[in-house]
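Please find below a colleague's note on the structure shown here. It is arranged as numbered points for a reader who wishes to check each one against the coordinates.

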Amino acid sequence: MGDLEIRPVVADDVPAIVAMLADDPLGAQRESPDDLAPYLEALERLRSDPNQHVVVAVRENRIVGTLQLTIIPGLSRRGATRSIIEGVRIHADERGSGLGTQLIAWAIDTSREQGCQLVQLTSDKTRLDAHRFYERLGFEASHTGFKLQL
């Protein structure tokens, strides 16, 4: 399978990332691979924020996974810093290979390095396979999440 590199995203990675984001029933409704401008603008905002870590997993010069890790200082939990994992995607050809476990391990290790006391994530309620995956990694479905489209 070749060596895996996890590195920060660069602009040239955006088409492959958007293709992965769009490659499932939910993403197909939300993403627009034909118009990369908003993704490139978002990447510039993310890169200017030191609390944002957007990475890709690269194997044999091919982007095979991605995620975003956000570090959030807070007052609750005795001033705890937490991290949020978002936008986890694994290329269809790599699912079941252990790549997702490696990416989440990177996010947890980076969270520790950043002084986080808690790592959290959300997963769409229809993604039952993802829920089982996160539970196998030790995450607990301890809260109910809410979203409001603006």
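The points below treat the sheet, the helices, the nonpolar cores and the salt bridges in turn.

1. Status of the model. The structure under discussion is a predicted model. The distances, angles and accessibilities quoted below should be read accordingly.

2. The sheet. Five strands form an open sheet in the order β1-β2-β3-β4-β5, and their pairing is mixed. The edges are taken by β1 (4-8) and β5, and each of these has a single partner strand, so one side of each lacks a neighbour in the sheet. On average, neighbouring strands are turned by 25° against each other, direction ignored.

3. Pairing around β4. Strand β4 (residues 81-90) is parallel to strand β5 (residues 118-121), and four bridges join the two. On its other pairing, β4 runs antiparallel to β3, with eight bridges between them. I85 serves as a convenient reference position: this residue is the bridge partner of L69, and I85 also stands opposite L121 in β5.

4. The crossover. Strand β4, helix α5 (residues 99-113) and strand β5 together make a β-α-β unit, and the unit is right-handed. The parallel pairing of β4 with β5 noted above belongs to these two strands.

5. Helices against the sheet. Helix α5 lies across β1, β2, β3, β4 and β5, and runs at about 30° to β3. Helix α1 also packs on the sheet, where it touches β2, β3 and β4; the direction of α1 makes about 85° with that of β3.

6. The largest nonpolar core. In soluble globular proteins, nonpolar side chains tend to be buried together. Here the largest nonpolar core has 19 residues, of which L67, I85, I104, Y134 and F139 touch the most other members. At least two residues of this core come from each of β2 (52-59), β3 (62-73), β4, α5 and α6. Helix α5 supplies the largest share, five residues.

7. Surroundings of L67. Which residues does L67 touch, not counting residues up to four places away in sequence? The contacts are H53, V54, V55, I85, E86, G87, V88, L103, I104, W106 and A107. Two of the residues in that list, I85 and I104, are named with L67 among the core members that touch the most others.

8. A second core. Separate from the core around L67, there is a second core of 13 residues. Its members include I17, L21, V56 and I63.

9. Salt bridges. Side chains of opposite charge can pair when their charged atoms come close. The structure holds seven salt bridges. One of these is formed by the side chains of R7 and D13, at 2.6 Å from N to O. D13 counts as buried, because its relative accessibility is 5%, and buried means under 20%.

10. The R127–D24 pair. A further salt bridge joins R127 to D24, with the closest N and O atoms 2.8 Å apart. The two residues are 103 residues apart and link distant parts of the chain: R127 is in the loop between β5 and α6 (128-136), whereas D24 is in the loop between α1 (14-22) and α2 (25-30). R127 is partly exposed, with a relative accessible area of 22%; for D24 the value is 14%, and this residue is buried.

11. A pair within one helix, and a network. D109 and R112 both lie in helix α5, three residues apart, which is about one turn of the helix. Their side chains meet in a salt bridge of 3.7 Å, N to O. D109 is partly exposed at 41% relative accessible area, and R112 counts as exposed at 59%. Elsewhere, salt bridges that share partners join D24, R89 and R127 into one network.

12. Position of R89. R89 lies in strand β4. Is R89 buried or exposed? R89 is buried, with a relative accessible area of 13%. Apart from neighbours within four places in sequence, R89 is in contact with M20, L21, D24, R30, V64, G65, T66, L103 and R127. One of these contacts, L21, is included in the second core.

13. An exposed loop position. D12 is found in the loop between β1 and α1. D12 counts as exposed, at 72% relative accessibility. D12 and L99 are 87 residues apart in sequence, and the distance between their C-alpha atoms is 21 Å.

Terms used. Residues are numbered from 1 along each chain as its sequence is written. This is a predicted model: local features need pLDDT of at least 70, side-chain atom pairs count only at pLDDT 80 or more; totals for chains, interfaces and linings use all residues. Side-chain values use heavy atoms; hydrogens and water are left out. Two strands pair if DSSP finds at least two bridges between them. A crossover is right-handed if, with the strands pointing away from the viewer, the path from the first strand over the helix to the second runs clockwise. A salt bridge is a side-chain nitrogen of Lys or Arg within 4 Å of a carboxyl oxygen of Asp or Glu. Buried means under 20% relative accessible area, exposed over 50%, partly exposed in between (1.4 Å probe, protein chains only). A nonpolar core is a set of buried Ala, Val, Leu, Ile, Met, Phe, Trp, Tyr and Cys residues joined through side-chain atoms within 4.5 Å. Contact means heavy atoms within 4.5 Å. Axes are lines fitted to C-alpha atoms, for helices over the stretch in contact, and angles run from 0 to 180 degrees between N-to-C directions.
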